[in-house]
Each structure stands twice: as C-alpha cells, then as structure tokens.
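Trainee: I am new to this structure and should be grateful for a close look at a single part. Please take me through it in a connected way.

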Amino acid sequence: MIPYGISDFRDVKLNDYYYIDKTHFIPKVEMYGRYLYLIRPRRFGKSLFLNMLAFYYDVYYKDEFDDVFGDCYISKNRTKEASSYYIMKFDFSAVSTVGDVDKNFSSYCNIRIEYFIKKYNFDIEIDKTKPAHENLNFVFSELRLKQIPIYVMIDEYDNFINNILMHDEKDYEKLVSSKDQAIYKEFFKLLKAGTTDNGSSLKKMFITGVSPLAMFDVTSGSNIGTNITNERIFNDAVGVTKEELNTLLSHYKLESKFTSYNSNLSIDDWYDSYKFHKNIKETIYNTDMILYYVKSLLLTNEPPQNLVDINIRTDYSKLKYLVYTNNRLNGNFNTLQKLLGDDEVTTLQIKDSFSAFEMKKEDNFISLLYYLGLITIDKLYRGKYYFKIPNQTIRIIMAEYIQQALKEKEIFKIDLNAFQNTIQEFAYDGSLNIFKFLSNEIEKNSKVRDYIEGENFIKGFLIAYLSLSPFYAVLTEVERNKGFVDILLRKAPNIEDDIAEGVIELKYIARSKFTKALLNQKIADAKEQLEQYEVQSNEIGVIVVFSGWEMVHCERYEG
C-alpha cells in the first residue's frame, strides 16, 4: 500500500505500507549534534522522518524495535543511543489560531506534557492552569533529579505562528516579542536554556518547520541548535531520489505505465528538480507529489486527472500576504512576475536566519521562497546563486497565486471559463484566439498596465495565465538547436488526445521606441528563431509582439 498522507511511522511499518528507507540518516543525525533543526517545504515527508526518529530513540518501544526496523538499514547498524530516550513530542500544526492563541498554545503544550508523564508513568503532576513553559520547567527539574534523558521533538514548529503572521502581523509580534511574557517565546527560551544548562534532563532536540522566520524572532537571532537545512549530507533526508523512485516503481511493477504516460513530457517536469545544496548534482522529487501520482496508477491504472494535488495547492494558498504592503502590491509581486518571465532570480547568499519583519526585503524574500519550495537552486556562478521554479506543479501554483492576487485587488479580472475555451481552441483547432483574448482583457482592465510594463513582465503575465490551462505544461527558455524557446507549451501527461503543442516566440518594443520598421524587424527576428527551432508537425509556431501593454502583432509561423 502507498502511505499517501500517512506520517505515523509505526503504522506504516506494521501495516505493510511501502516505506522509503531513510534510517541510514540516523547515524548522520547523531554525528551532527544534540540540538538540531531542519527546514523543508511542505509535503516533503518531514513528519514521517521525525516520527521515525522518535520511534528509534524511544525507550517505550524498545520491545518492538526488531518488528518495526527489521528490514531497514538501521537494523544491522544500530547505534548506542537506540531506545534510550524519553520522547516528548509536539506538533504545532495542531495549535488552533481561533480565539485566544496564547491560551490555545499553552493548553496544547500542557496536554502533550501530561501525555508524556502518563506514557512513562512518572510520579509527577502538573498544574494545567499554568503557562506551558512553567510546567515544562517543572518537569525538566523533577526528571533531572532522576537523571531521566529527555529528547524533545517539535514538528511544524512554525505552522500556527505563520498562520497568525499571514493574518495579522501585530498578533504575530505579540507572540514573539519579549513584552508581556509572550508564551510562545518563553517556551523556546526555556528550551534554549535547557541546551546550555549543566546536567539538564534535556539531552537532545530535533525541530522541523518550513521557514526560519519564527526561529529567528523567538531566539533573538541566535540559533537554538545546529541548522542542518543546507548541509549537503541531509539534501535527501526527506524527499524522493531518482534511485528511490525507480525502486518504488519496480516494487509495484509500474515501470512501463510510468514511462508510457510520459513519452512526451517527463514526470520530472511536474514533480522533480529540488536541490538543497549548491553542489548536489542529482535533484529530488517532492514526496507527496510522487505518492499522489503512484497511488493513482495503482488504483485507476492511469495518472491522476489533475496532476496538481489539492493538498499542495492548499498549503501554498496562504502566501498571498507576502506581496502586499499597506493593501497594495509590493516589490515581491514584481519578483514573482520576473521569476515567471525569466525563469530565474538571483541573490548572493541564502539567508539562513532573518526576521519575519524583514521578509519583504528582496534578498530575504528570495531566501523565503527557497525554503517554501517555490524556487530551488539551479546553479552557483561567480559567487551568485541562481534560483528557478522547480517544476510545472509549482509554476501552476504560482500562476494561480498571481492571478488571485490581481483579482482580489481588483487590478485584473478575467473570465476563466472563456479563457479555458480559447486555450482549448488552440489545443484542438490551432486557433490563436487565446492571445487575442488575453490582449483584449488587458485593454478592458486598465489597472493591470502598471504591472506589466517591460518584456519580463509581459512574459510573466502570459505564462501565469497559460499555466492555468489543464492541457499544457508551460516551459520557458527551453534549449533547442542552440537557441532558447521563449514559451513552450507541452501536452500534459494526463491528456490522451492528440493536441497541438506550442512554440511561442515573444518580442517586445517599448512604447516610446515603437516604429513600424522596428516592428517588422522584430517579426523577422522571430521568424528566423522559429526556423532555427525546427518547429515540428505537431507544434504550432506563434509570433507575438507587444509594445508596452498592447499586443501589436500575432501570427502563426509557417515554416
């Protein structure tokens, strides 16, 4: 069975779910230190990894060790620390953001502390009317006298607080500030104290999350432990490597099905291309995306009807606050537009620590996009990081994100049903009405013109909307015959019909420089490039020229 959406390690192993063995990372975790935290995008398998560690180190499950780990790497490579800790585990995604958040946070943590006490039958009683950090301090003090080694694990440490940040920055500031004994910050201050106190019962700690924002704000810029996020040996601690994927497909005898549906466009283009270290050559897949796809093959004998999992969409739907300042679109929106147009953004460094109050600075924003999985490392050149959108799934999510941001601020509204009809006409009839349709919509929505001046923004705008089509993957700057195609429309793997694909050459003329002669030159240049690309019989070559926000030419290339 495929463990799609299941993060209970014990459940996965005892109930015959397929498990991608990550236990060889356990010795590496021990080697790197006692207090660690790992940042990865959502749906990469962090919770399952953390639960694997919890089961491995938990003295409570010592008698089940061989039953669970019997077929894993670690079974024959057990470390001295196996089954030797008392695990206190928290999952902050379970903290409600409705109502009194301080109270909700403290109540949840107290419940988990009480569960810890009952699980190991300690003769301790806490007062649940007190703040969680006070009870935690009490437990640490009591167990210190008994020399009980505690391993604290926190999953999704930033989940609920990020939700608060997206809703109201002032509420977030209250939780992480030092004023009024902020509960969340006091909790982490206590943990930090435990990592430095001689003889502390807190012996180990492992924390996961999706961004470093809250960690910076609650520890005043000091790391609470060792950040292993960008360490090379942990690049694929979560996620799926190509070797792991091939083993999975072989196990279920899916090799032929997997390739037959993707002869035109590799599934790599949809779910692959993540890198978490500059020197890694082989990229990895998002775990959720792969399990989602393979589960569909097993259950229906064909790919999922929608290649973008609804769970992935939901996780990224909360990010719209990043592009607003004082209820207006800010420079971050321009960065996203440029990213879609150029397929790359650059920065001199990946920031591993910065405040939520500074995330709208461009360098911090780019680093945040990287941690969230919206961009990934492409290369390091002359001391500068080049990032790209990792795959078509994220490109679609980003396109939807831009489309919703424009719509909500009443900058650009579009009839999506009419849009889908015109892209369908292109796919089945070769009609170019899709470009005329988008151009006419720009004419009707004059506010959008302030945001699409310049070639990169025109290109980003077109890509954002073309990516909403169910028929195509939208690729940019694809190398072909020593040239680079501006926009390439490739048939999606779940489309069985023979539809036309698109090779689009986009040209731009500043409004202040427009002349008929220059337009003719741009058209001639586009034709020359399309000739170089050798447009195939199943492809439609398209020449599109914009001057400012206005489309001044659109024709089908007849090679």
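Within what distance do the axes of helix H19 (residues 416-429) and helix H20 (residues 433-444) come, and at roughly what angle do they cross?

Mentor: Please bear in mind that this is a predicted model. In it, the axes of helix H19 and helix H20 come within 8 Å and cross at roughly 155°. Since an angle over 145 degrees counts as roughly antiparallel, H19 is therefore described as roughly antiparallel to H20. The contact is formed on the H19 side by Ala418, Phe419, Thr422, Ile423, Glu425 and Phe426, which meet Asn433, Ile434, Phe435, Phe437 and Leu438 in H20. By character, the residues of this contact divide into 8 nonpolar, 2 polar and 1 charged.

Another helix pair may be set beside this one. Two packed helices are described by the angle between their axes and the distance between the axes. For helix H16 (residues 331-342) and helix H17 (residues 362-372), the angle is about 55° and the axes lie 10 Å apart. That angle makes H16 oblique to H17. The crossing of H16 and H17 is right-handed. Here Asn332, Thr335 and Leu336 in H16 meet Glu362, Phe365, Ile366 and Leu369 in H17. The residues of the contact between H16 and H17 comprise 4 nonpolar, 2 polar and 1 charged.

The sheet offers a further point of reference. It is an open sheet of 5 strands with parallel pairing, in the order S2-S3-S4-S1-S5. Strand S2 (86-91) and strand S5 (226-227) stand at its edges, and each has a single partner strand, so one side of each is left without a neighbour in the sheet. Helix H3 (residues 46-57) packs on the sheet and touches S2, S3 and S4, and its direction makes about 165° with that of S3.

Strand S4 (residues 202-209) is mostly covered, with 7 of its 8 residues buried. Strand S4 runs parallel to strand S1 (residues 35-39), to which 5 bridges join it. Strand S3 (residues 150-155) also pairs with S4 in the parallel sense, over 5 bridges. Tyr151 stands opposite Lys204 in S4, while Tyr37 stands opposite Ile207 in S4. In S5, Tyr37 has Asn227 as its bridge partner. The pairing of S1 with S5 is parallel and extends over 2 bridges.

How values were computed. Residues are numbered from 1 along each chain as its sequence is written. This is a predicted model: local features need pLDDT of at least 70, side-chain atom pairs count only at pLDDT 80 or more; totals for chains, interfaces and linings use all residues. Side-chain values use heavy atoms; hydrogens and water are left out. Buried means under 20% relative accessible area, exposed over 50%, partly exposed in between (1.4 Å probe, protein chains only). Helices (H or I, at least four residues) and strands (E, at least two) are DSSP runs, numbered from the N terminus. Two strands pair if DSSP finds at least two bridges between them. Axes are lines fitted to C-alpha atoms, for helices over the stretch in contact, and angles run from 0 to 180 degrees between N-to-C directions. Angles under 35 degrees count as roughly parallel, over 145 as roughly antiparallel, 65 to 115 as roughly perpendicular and the rest as oblique. A crossing is left-handed if the near helix is turned anticlockwise from the far one by less than a right angle, and right-handed if clockwise. Contact means heavy atoms within 4.5 Å. Ala, Val, Leu, Ile, Met, Phe, Trp, Tyr, Cys and Pro count as nonpolar, Asp, Glu, Lys and Arg as charged, and the others, Gly among them, as polar.
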